[in-house]
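Thanks for making time this morning. I would like to walk you through one chain, starting at one end of its sheet and working across, so please keep the structure open in front of you.

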Amino acid sequence: MQKITIAKGDGIGPEIMDATLKILKAAKARLEYDEIQIGEKVYLSGNTSGISDEAWKSIRENKVFLKAPITTPQGGGYKSLNVTMRKTLGLYANIRPCQSFYPYVRTKHPEMDVVIIRENEEDLYAGIEHQQTDEVVQCLKLITRPGCEKIIRYAFEYARKYNRKKVSCFTKDNIMKQTDGLFHKVFNEISAEYLDIETDHWIIDIGAARLADTPEIFDVIVMPNLYGDVLSDIAAQISGSVGLAGSANIGSRCAMFEAIHGSAPTIAGQNVANPSGLIRASVMMLTHLGQSDIAEKINNAWLRTLEQGIHTEEIYREGESTKKVSTSEFADAVIENLGQKPKKLKAVEFNGRIQFEIPEYQRPASRKKELNGVDVFVDWKGSDPEKLAEKLQKLNGDVNLSMITNRGVKVWPNGFEETFCTDHWRCRYERNGHPITNKEIAELLAKAYVENVDVIKTENLYQFDGERGYSLGQGQ
Ligand code: NAD
């Protein structure tokens, strides 16, 4: 027996969890449950994190968590519990298989069988946001080398274990050369260790368009957090329904399994929701726990039920489905089919424990870091960049103003009057390509204070082993 933590969540959560637990019991899953409360009730009781200390303790002790969807109350500063859990427990990999079950579930993509592997902890989800001027707010996009290495290695290991042939990488590194550029670079480095697997890279916009149009050309796709969030919902929906997809959140110590959809409050309490997302999440959990025999049994019975045309309301189609069933009736139909394999759809076979270790990140020797200059961000309500340059050149000494940009576009020297400017100016100081010191930056800022320049932040411009570690101004 293995003990896991479960939470029935909010909205349709209790109904789909009861259906899933009934199937796990009938399939003789070797599981014991520790139930915790999370979500709306906990939030509204005054706990803004949505989870109690005891609940954390249970998850950390049992290490495996099967979670029904929860409702995050709107407004009131409640933090998303899902994001908190993924990050606090180090669940760096989010795996979302999106497969179509044509002709039993209607879809425009009969051949679709894509697994989206989404980085789960960083990117714009670091949640570091600031208002800096009246007109400008910012969100920091953090991409780290350890983060990239872990998720990309995970995608390749996943492909090997599940006999997948290709891993694609989606980024926008033609624009974000540092952040998405690092993700792509690490993808290229790691793919060299997996020569048995085909690889390609897509700029996210055309990659997403092809995924929506011809998903059958993709196999496993790995991508940074935000792109993965958006595209995995699209992929699940076009495969048939968001109600069908399960997901795994994997870390080196804990794992959390859930449906990809939310708590669907408008259909809650009516016994009409499709429990398939959570059922399939529980199948992923069983393979993770090494109970592949049970996982196989449940998955095949579930496929058999689908192809019998026994469907819950949202996938039921007159003339194509044979029987419209409730949540609990669907679970009963799956139980009835335990021990059977699908006759038309392809049966699954899981060979043993499908869990794999990703080696701990090894920090390489530090590269030679040189300080090349500093970007000083200034709040200024004027409109003529020449005037700002005049003011800022008063700070010149050994380190001089070389460029001003507004929203990334160069506006000085030689700007265009057509360029729209806000009150947020990036002012770059350098010494003709020669290194500067932190002391010189401090002196520059002291002068800015004397000259009444409203400095809102600075960013140092580094070079690593001679390679520029910052972007140029657009138009520079
Ligand atoms: P949702 O996924 O709950 O619902 C989107 C649509 O899909 C609705 O029309 C809903 O009725 C339908 N749907 C979803 N699951 C279904 C199922 N199993 N069977 C049949 N139909 C289903 O998304 P939403 O409406 O944007 O969010 C509702 C709440 O869920 C929000 O509070 C949100 O914060 C939360 N949420 C939670 C999670 C999670 O816990 N992992 C994920 C997403 C959203």
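Let me begin with strand 1, residues 2-7, which runs parallel to strand 2 and is joined to it by 5 bridges. Within that pair, Thr5 stands opposite Asp34 of strand 2. Packed on the sheet here is helix 1, residues 13-26, which touches strand 1, strand 2 and strand 3, and whose direction makes about 130 degrees with that of strand 3. I should say at once that this is a predicted model, so please hear everything that follows as a description of a prediction.

How do these strands fit into the whole sheet? There are 10 strands in an open sheet of mixed pairing, and their order is 2-1-3-12-11-4-5-10-8-9. Strand 2, at 31-35, and strand 9 are the edge strands, each of them pairing on one side only. From one strand to the next, the twist averages 25 degrees.

Moving inward, strand 3 and strand 12 run parallel and are joined by 4 bridges, with Val64 standing opposite Ala255 of strand 12. Strand 12, residues 255-259, is mostly covered, since 5 of its 5 residues are buried. In a regular strand, as a reminder, the side chains alternate between the two faces of the sheet. On one side of strand 12 we have Ala255, Phe257 and Ala259, on the other Met256 and Glu258, and all of these are buried, which leaves both faces covered. With strand 11 the sense changes: strand 11 and strand 12 pair antiparallel over 5 bridges, and they form a hairpin that has 4 residues between the two strands. Across that hairpin, Ala248 stands opposite Phe257 in strand 12.

Now to the other end of the order, and to strand 8, residues 166-171. Is this strand buried or exposed? It is mostly covered, 6 of its 6 residues being buried, and the covering applies to both faces, with Lys166, Ser168 and Phe170 on one side and Val167, Cys169 and Thr171 on the other. Strand 8 pairs with strand 9, residues 198-203, in the parallel sense over 6 bridges, and there Lys166 stands opposite Glu198. Together with helix 6, residues 179-191, these two strands make a right-handed β-α-β unit. Strand 8 is also joined by 3 bridges to strand 10, residues 220-223, again running parallel, and the bridge partner of Ser168 in strand 10 is Ile221.

Two more places deserve a look before I stop. Helix 10, residues 292-307, has 16 residues and reaches 22 Å from its first C-alpha to its last, close to the 22 Å expected at 1.5 Å a residue. Of those 16 residues, 14 are buried, so that the helix is mostly covered. Just after helix 10 comes Gly309, which takes a positive phi of about 80 degrees.

The second place is Glu440, in helix 13, residues 438-450. Why do we call Glu440 buried? Its relative accessible area is 16%, and because the cut-off for buried is under 20%, Glu440 falls within it. Leaving aside residues up to four places away in sequence, Glu440 touches Asp398, Val399 and Arg431.

Finally, the record: an unreviewed UniProt entry annotates residues 3-334 as "domain: Isopropylmalate dehydrogenase-like". Over that range the chain is 39% helix and 20% strand, with its end C-alpha atoms 24 Å apart.

Conventions
Residues numbered from 1 in each chain as written. Predicted model: local features only at pLDDT ≥ 70, side-chain atom pairs only at ≥ 80, totals over all residues. Heavy atoms only, no water. UniProt positions renumbered as here; feature names shortened; annotations may be inferred. Expected span 1.5 Å × (residues − 1). Buried < 20%, exposed > 50% of the residue type's maximum accessible area, 1.4 Å probe, protein only. Pairing = 2+ DSSP bridges. Right-handed = clockwise from strand over helix to strand, strands pointing away. Contact = heavy atoms within 4.5 Å. Axes fitted to C-alpha atoms, helices over the stretch in contact; angles between N-to-C directions.
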